[in-house]
Amino acid sequence: DDEIERERVSQRLPGGCCALAAIYLMGKFYVANAGDSRAIIIRNGEIIPMSREFTPETERQRLQFLAFLRPELLGKDFTHLEFPRRIQPKELGKKILYRDQNMNGWAYKKIEEDDLKFPLIYGEGKKARVMATIGVTRGLGDHDLKVFSSNIHIKPFLSCFPEVRVYDLTQYEHCPDDVLVLGTDGLWDVTNDKEVAGVVMEVLMSYEPNDPCRYTMVAQELVVRSRGVLKERGWRLANDKLGSGDDISVFVIPLGGPGNYT
């Protein structure tokens, strides 16, 4: 992250990215995630999550706590409190549900002038944003990112530190169909864990266990199915729902059997 900050001037490269890394070391897989990519292990048909997405919703309390400690980061346009909906000026003095950095549930409060500011976190699901700007709260770069038409920097709320999960390969007997799948959000936006596992098993069964290209073909099939087919109404999946409009990168890594280099 520091290197990107130095290069943004010399190379003139603004922007940022998420990071998902898998490292094999002394019999263990270390999976580090900073962003909204995802990793899962499929072992004997069982799905084992190896990461979780970092979004304004999953990191709400961390973001609100930082804003509570350093209100100057919000400028004069935002509040660290969260409300179920935008509050209108005519509602001053009335009561509304809210939650702050210490709360999991909701409570009532009387609407004050400061509550009319835009919430630090607004929206749900893929539409959730920090300061109405960015939907991913961990990653690399974005040092120059600001709220539109303002001088409020977003970077203080973005963390470059990943969450690391460890999987001990020596604790289990792995067959050639056991794999680690790494995918960007373009895959997971339209395909859930169970569907990915289904594609993995379907494709692997059509190849010999010692055929190394079988894992590449799984990754290719996951990309193709998530993108969909171009029709008159845009890219569509097999169920006619919209295909992924984001970038799709997929790695499928074998954990055992022929071709296992552990």
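Which domains does the lining of the largest pocket draw at least three residues from? Here are a few notes to help you find your way around this predicted model.

1. Let's start with that pocket. Its lining takes at least three residues from each of domain 1 (1-52 + 162-254) and domain 2 (59-141). About 720 Å³ of space lies in this largest pocket. Lining the pocket are 36 residues, and those closest to its centre are Cys18, Asp36, Ser37, Val136 and Asp185.

2. You can also trace the pocket by its secondary structure. Two or more lining residues come from each of β1 (16-17), β2 (19-25), β12 (140-141), β14 (179-183) and α3 (185-188). As for the chemistry of the lining, 13 residues are nonpolar, 10 are polar and 13 are charged.

3. Next, have a look at the largest nonpolar core, which holds 19 residues. The members that touch the most others are Val179, Val181, Val196, Val200, Leu222, Val250 and Val252. At least two core residues come from each of β4 (38-43), β14, α3, α4 (193-204), α5 (213-227) and β17 (250-254). The largest share, 6 residues, belongs to α4.

4. Val181 is a handy residue to click on. Leaving aside residues up to four places away in sequence, Val181 touches Arg38, Ala39, Ile40 and Ile42, along with Trp188, Val196, Val200, Leu222, Val250, Phe251 and Val252.

5. Finally, don't miss the second core, which is separate and has 15 residues. Among them are Leu63, Ile121, Phe157 and Leu158.

Conventions. Residues are numbered from 1 along each chain as its sequence is written. This is a predicted model: local features need pLDDT of at least 70, side-chain atom pairs count only at pLDDT 80 or more; totals for chains, interfaces and linings use all residues. Side-chain values use heavy atoms; hydrogens and water are left out. On a 1 Å grid over the protein atoms alone, a cavity is a set of points where a 1.4 Å probe fits but cannot get out, and a pocket is an open set with protein on both sides within 12 Å along at least five of seven lines; lining residues have an atom within 4 Å of a point. Grid points are joined across faces, edges and corners, and a volume is the space filled by probe spheres set on the points. Helices (H or I, at least four residues) and strands (E, at least two) are DSSP runs, numbered from the N terminus. Ala, Val, Leu, Ile, Met, Phe, Trp, Tyr, Cys and Pro count as nonpolar, Asp, Glu, Lys and Arg as charged, and the others, Gly among them, as polar. Domain bounds come from an automatic or database domain assignment. A nonpolar core is a set of buried Ala, Val, Leu, Ile, Met, Phe, Trp, Tyr and Cys residues joined through side-chain atoms within 4.5 Å. Buried means under 20% relative accessible area, exposed over 50%, partly exposed in between (1.4 Å probe, protein chains only). Contact means heavy atoms within 4.5 Å.
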